[in-house]
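Trainee: Could you take one residue in this model and give me a close look at it? I would like to see how the rest of the chain fits around that starting point.

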Amino acid sequence: MKALFTGGRTKEDRGKSGLKSQLTRLFKRQLIVAAVVTVVLAAVFRSHLLTIVLAVGAGVCDNFLFLSGIDRGMQLVPAKSAAYMRWVMVKRIAMLLAFTLLALFLKAGPAYVLVTYLVFYVCLIIHMAALGIHVKSKN
C-alpha cells in the first residue's frame, strides 16, 4: 500500500511536503468506508449484490483517480498541472459513465451506482477536511 501513489518515482522526486502520506492515509480511510458501505448494503439488499459491487467499484475507482490526480498534478508546473487535472476530470467522468452503462446493460440499477458515487465523493471531501490536507507549493 505504501507504493500506491509512488508511480516509480524516487523519494527526491516526491518532495518533502508529506502529501504522499496524507493521500495514502486518505485512500485507506476511503477503503474502510467502502468496506462498511459494502457490508451494510449487502445486509440490507441481499438480492442486489451485482449492483452493490458496481456501485462500490465506481466509488473506489473515482477516489483512486481523484487522489492520484492530486498527487501527480502537484508535481507539475501550474499550467501543466491544470491541464493534467482537466484530463483527470475527463477520465473520472468516463469511468462513471462506463460503470453506469454497465449497470444499465446488466439491469443492475444505475441509479444506485450514481447515488453511491456521490456518497463516496462526499465522504472523500469530509475526510480531506478532517485530515487537513496541506500542500507546500514549489515556487
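**Starting from F66**

Mentor: Let's begin with F66, which counts as buried because its relative accessibility is 13% and the cut-off for buried is under 20%. Please keep in mind as we go that this is a predicted model.

Before going closer, step back to the whole chain. The protein chain has five helices and zero strands, so its pattern along the sequence reads α-α-α-α-α. Of its 139 residues, 35% are buried, and F66 belongs to that group. Many contacts reach far along the sequence: among those between residues at least 6 apart, 72% join residues at least 24 apart.

Aromatic rings give us good examples of such reach. Two aromatic pairs occur in the structure. One is formed by F27 and F64, whose ring centres are 5.9 Å apart and whose planes meet at 70°, so this pair is edge-to-face. Its partners come from distant parts of the chain, with F27 in helix α2 and F64 in helix α3, 37 residues apart. How much of each ring residue is covered? F27 is buried, at 7% relative accessible area, whereas F64, at 32%, is partly exposed.

Now back to our starting residue. F66 pairs with Y121, again edge-to-face, with 6.1 Å from centre to centre and 85° between the planes. This pair also links distant parts of the chain: F66 sits in helix α3 and Y121 in helix α5, 55 residues apart. Is Y121 buried or partly exposed? It is partly exposed, because its relative accessible area is 28%, while F66 is buried at 13%.

Follow helix α5 from Y121 and you can also find T116 there. T116 is buried, with a relative accessible area of 10%. Leaving aside residues up to four places away in sequence, T116 touches V37, A55 and V56.

The two helices of the F66 and Y121 pair, α3 and α5, turn up again when we look at α4. Helix α4 runs over residues 78-105, and its 28 residues reach 40 Å from the first C-alpha to the last, close to the 40 Å expected. Which residues of α4 are buried? They are S81, V88, R92, M95, L96, F99, T100 and A103. The cover over these buried residues includes α3 (49-73) and α5 (110-131). After α4 comes K107, and its phi is positive, near 55°.

To finish, turn to the outside for a contrast with F66. I32, V36, V40, V44 and F45 form a nonpolar patch on the surface, and together they have about 460 Å² of accessible area. One of them, V40, lies in helix α2, which covers residues 19-44. V40 counts as partly exposed because its relative accessible area is 47%, which is between the limits of 20% and 50%. For the protein chain as a whole, about 8,600 Å² is exposed, and carbon and sulfur atoms supply 70% of it.

So here is the picture to keep in mind. F66 is buried at 13% relative accessibility, it pairs edge-to-face with Y121, and that pair links helix α3 to helix α5.

Methods: Residues numbered from 1 in each chain as written. Predicted model: local features only at pLDDT ≥ 70, side-chain atom pairs only at ≥ 80, totals over all residues. Heavy atoms only, no water. Helix = DSSP H or I, 4+ residues; strand = E, 2+ residues; numbered from the N terminus. Expected span 1.5 Å × (residues − 1). Buried < 20%, exposed > 50% of the residue type's maximum accessible area, 1.4 Å probe, protein only. Contact = heavy atoms within 4.5 Å. Patch = residues over 30% accessible without salt bridge, like charges linked within 9 Å, V, L, I, M, F, W, Y side chains within 5 Å. Areas by Shrake-Rupley, 256 points an atom, 1.4 Å probe, with all protein chains shown as cover. Salt bridge = Lys/Arg side-chain N within 4 Å of Asp/Glu carboxyl O. Phe/Tyr/Trp six-rings, centres within 6.5 Å; stacked < 30°, edge-to-face > 60°.
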